[in-house]
Structures are given as structure tokens and as C-alpha cells.
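Have the sequence and the 3D view open side by side. This report walks through the fold, piece by piece.

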Amino acid sequence: MEFDIEQREVDGVTILDLQGELDTYSSPGLLEMVVKMKLLGRRYIGLNMHLVTYMDVAGLGGLVWSLRCIRGYGGQLVLLQITDQPQRVLDAAGLTKTFTIFATEQEAVQFLAPFVQQEKANA
């Protein structure tokens, strides 16, 4: 199955809409996009997973690496609208508390908004 990532901005938050299977073959694409966002100075990112149909251990590794990359840069990365199968993988790995997870995009943007505002104030 094909994997696609669409980027958009909502109130200063970068939303990456993930679609398809997040696995051994597609995980490098996620990592590449996260590095690109980091290089562009995007520090507040929401990974919208509502169209992720499957995730394996390599996909999980890609999420963990993305989180570490952005947090190491002083940013925040959150997950939103996770479908059942990826949620089960997170649960089985015991990583649900490692990630900040939101049911809706609005909740994720509201959580990240103070970080965005603080960054603008410091600029």
C-alpha cells in the first residue's frame, strides 16, 4: 500500500496528515519529512493519523524517532486522531504515555498554541 504525507499549517502548528501504511517501507519518508520540518524551523508538529490503516514496529520506531528529533530541537510533537490498529501497537509497546495524544485536531492545536505564542513573543 502507498503512503502519503500532506503538510499544512493551522494557527502556527504544522499538521502532517499521514495516509496509508506506516511500516518498514514508509517510515523513512516520515523521518525525512520530520527532518525537513526541523530544518525549516517548524518546532510544533501534529501527526494526524486518522488515515493510517496499518502500523508495524518500524512505523512505531519512526514515530519514536520523530518525537525525539523534535523534542531534542526544543519543540513538541503530538499524535492526533489515531485509528484502532496503530493505537493497539502503541498500547502493546507500552508507549501511550510517551506520546501526547489527542482525539481531535482542535485539541492538539489548542495544546500547542501556547508554545507557538511563546516562541513568537521571544522572536
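What is the order of the five strands in the open sheet? The order is β1-β2-β3-β4-β5, and the pairing is mixed. Keep in mind that this is a predicted model. The edge strands are β1 (3-10) and β5 (100-102), and each of them pairs on one side only. From one strand to the next, the twist averages 25 degrees.

**The sheet, strand by strand**

Start at the β1 edge. β1 and β2 pair in the antiparallel sense, over eight bridges. One pair to find is Asp-4 and its bridge partner in β2, Gln-19. The two strands form a hairpin with two residues between them. In this hairpin, Asp-11 takes a positive phi near 50 degrees.

Move on to β2 and β3. They run parallel, joined by eight bridges. Here Asp-17 stands opposite Asn-48 in β3.

Is β2 largely enclosed or open to the outside? Eight of its 10 residues are buried, so β2 is largely enclosed by the rest of the structure.

Now look at the β5 edge. Strand β4 (residues 76-80) runs parallel to β5, and three bridges join them. Leu-80 has Phe-102 in β5 as its bridge partner.

One general point helps when you view any sheet. In a regular strand, side chains alternate between the two faces of the sheet.

**Helices against the sheet**

Helix α1 (residues 27-39) packs on the sheet. It touches β1, β2 (13-22) and β3 (44-55). The direction of α1 makes about 170 degrees with that of β2.

Helix α4 (residues 105-122) lies across β1, β2, β3, β4 and β5. It runs at about 170 degrees to β4.

**A closer look at α2**

Helix α2 covers residues 57-72, which makes 16 residues. It reaches 22 Å from its first C-alpha to its last. That is close to the 22 Å expected at 1.5 Å a residue.

Which residues of α2 are buried? They are Gly-59, Leu-60, Gly-62, Leu-63, Ser-66, Leu-67, Cys-69 and Ile-70. The buried residues of α2 pack against β2, α1, β3, β4 and α3 (84-93).

Check both ends of α2 as well. At its start, a side-chain oxygen of Asp-56 reaches to within 3.0 Å of the backbone nitrogen of Ala-58. After the helix comes Gly-74, with a positive phi near 85 degrees.

**Salt bridges**

How many salt bridges does a search of the whole structure find? It finds four. The table lists three of these pairs, with the N to O distance for each.

| Acidic residue | Basic residue | N to O distance |
|---|---|---|
| Asp-17 | Arg-8 | 2.6 Å |
| Glu-9 | Arg-42 | 3.2 Å |
| Glu-119 | Arg-43 | 2.6 Å |

Take Asp-17 and Arg-8. Asp-17 has a relative accessible area of 16%. Buried means under 20%, so Asp-17 counts as buried. Arg-8 is partly exposed, at 29%. The pair also belongs to a wider group: Arg-8, Asp-17 and Glu-105 are linked in a network of salt bridges.

Next come Glu-9 and Arg-42. This pair links distant parts of the chain, 33 residues apart. Glu-9 sits in strand β1, while Arg-42 is in the loop between α1 and β3. Glu-9 is partly exposed, at 37% relative accessibility. Arg-42 is partly exposed too, with a relative accessible area of 26%.

Finally, find Glu-119 and Arg-43. Where do the two residues lie? Glu-119 is in helix α4, and Arg-43 is in the loop between α1 and β3. They are 76 residues apart in sequence, with their C-alpha atoms 9.5 Å apart in space. Glu-119 is partly exposed, at 31% relative accessibility. Arg-43 is partly exposed as well, at 23%. Leaving out residues up to four places away in sequence, Glu-119 touches Arg-43 and Tyr-44.

**Putting the pieces together**

Go back to the whole model and trace the open sheet from β1 to β5. Then place α4 across the five strands. Add α1, which packs on the sheet at β1, β2 and β3. End with Glu-119 and Arg-43, a salt bridge between α4 and the loop that leads from α1 to β3.

Definitions and conventions
Residues numbered from 1 in each chain as written. Predicted model: local features only at pLDDT ≥ 70, side-chain atom pairs only at ≥ 80, totals over all residues. Heavy atoms only, no water. Pairing = 2+ DSSP bridges. Helix = DSSP H or I, 4+ residues; strand = E, 2+ residues; numbered from the N terminus. Axes fitted to C-alpha atoms, helices over the stretch in contact; angles between N-to-C directions. Contact = heavy atoms within 4.5 Å. Expected span 1.5 Å × (residues − 1). Buried < 20%, exposed > 50% of the residue type's maximum accessible area, 1.4 Å probe, protein only. Polar contact = N/O pair within 3.5 Å; in protein donor to acceptor, adjacent residues only side chain to side chain. Salt bridge = Lys/Arg side-chain N within 4 Å of Asp/Glu carboxyl O.
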